[in-house]
Amino acid sequence: MVVSYTQEHVYRHPWHRVTAAAWRKFTDADARAAALSNILEVHTLSRRVDAQSGRIEAVRAIAGRAPPLPLLLRGLVAAAGGDVVLCVEHTAVDGPARAMRVVSRNANLRGLVHVEETCSYRPHPDRPDEWTLFRQETNIRCAPLAAVAARAAEMVERRCAERFAQNASKGREVVDTICKRLALADHDRSIRPM
């Protein structure tokens with residue numbers, strides 16, 4: 001069984017500000033302390049910038065605490081790799097098209113669960129210079145385990161989906177907070193005497 005969900009959110013900030021905030025979401029110390037305390041480490045594995053085309057590609061490794069699970073499932077998670085979830089995030093930005101796509105997958109615990117999240121950031125169709133449309137699609141599939149009943153597998157999928165929804169909400173809040181700080185900095189620069 002696969003649990004899938006899609007969410008959309010409108011940031012009332014322009015695309016360039018929202019994508020700048022999204023890049024900083026996991027590395028901003030204030031954001032991590034406030035809303036994303038489950039994130040332990042973020043490392044850039046590769047980065048490619050094509051100045052001629054205005055495209056950027058990056059791959060990051062993200063380590064975070066596994067979500068709390070029912071007692072029955074904690075032993076399985078511990079046996080499958082512990083309480084730290086490792087994810088690989090692939091980001092592609094097309095500056096001229098004003099499009100950013102982020103695809104994340106878990107790199108460990110795949111013997112239990114496969115998670116793939118795809119996020120896109122585009123100018124909002126109604127107010128392309130002022131707002132940004134964020135779309136998040138998540139698929140969670142529990143691996144077939146002969147030792148685990150179907151009911152337990154469903155519990156894992158549901159628990160993961162609930163946690164992803166909670167963390168997605170926190171992530172949107174963090175991006176919005178960073179956008180507000182960037183807007184304030186832009187405003188402060190614009191009113192300073194030269």
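User: What makes E6 and E7 count as paired strands, and how do they run?

Analyst: In this predicted model, 11 bridges join E6 to E7, and the two strands run antiparallel. Strands count as paired if at least two bridges are found between them, so with 11 bridges E6 and E7 are a pair. One of these bridges has Pro123 and, in E7, its partner Thr132.

User: Why is the ring pair of Tyr121 and Phe134 called tilted?

Analyst: The centres of the two rings lie 4.9 Å apart, and their planes stand at 45°. Rings pair if their centres lie within 6.5 Å, and planes under 30 degrees apart would be stacked while those over 60 would be edge-to-face. The angle of 45° between Tyr121 and Phe134 fits neither of those two classes, so the pair is tilted.

User: Which parts of the chain does this pair tie together?

Analyst: Tyr121 belongs to strand E6 (residues 113-123) and Phe134 to strand E7 (residues 132-142), so the pair ties together parts that lie 13 residues apart in sequence. Tyr121 and Phe134 are both buried, and ring pairs link them with Tyr11 into a cluster.

User: What makes E1 and E2 the edge strands of the sheet?

Analyst: The open sheet is formed by 7 strands in the order E1-E7-E6-E5-E4-E3-E2, with antiparallel pairing. Strand E1 (2-11) and strand E2 (39-50) are its edge strands, and each of them pairs on one side only. From one strand to the next, the twist averages 15°.

User: How do you know that E5 is largely enclosed by the rest of the structure?

Analyst: A residue is buried if its relative accessible area is under 20%, and 6 of the 8 residues of E5 are buried, so E5 is largely enclosed by the rest of the structure. In the sheet, 8 bridges join E4 to E5, and 6 bridges join E5 to E6, with both pairings antiparallel. Asp94 stands opposite Ala99 in E5, while Val103 stands opposite Thr118 in E6.

User: Which residues take a positive phi in the hairpins on either side of E5?

Analyst: In the hairpin of E4 and E5, with 4 residues between the strands, Arg98 has a positive phi near 50°. In the hairpin of E5 and E6, with 6 residues between the strands, Leu109 has a positive phi near 60°.

User: Which strands does helix H1 lie across?

Analyst: Helix H1 (residues 15-24) lies across E1, strand E3 (55-65), strand E4 (84-94), strand E5 (99-106), E6 and E7, and runs at about 150° to E6.

Key: Residues numbered from 1 in each chain as written. Predicted model: local features only at pLDDT ≥ 70, side-chain atom pairs only at ≥ 80, totals over all residues. Heavy atoms only, no water. Phe/Tyr/Trp six-rings, centres within 6.5 Å; stacked < 30°, edge-to-face > 60°. Buried < 20%, exposed > 50% of the residue type's maximum accessible area, 1.4 Å probe, protein only. Axes fitted to C-alpha atoms, helices over the stretch in contact; angles between N-to-C directions. Contact = heavy atoms within 4.5 Å.
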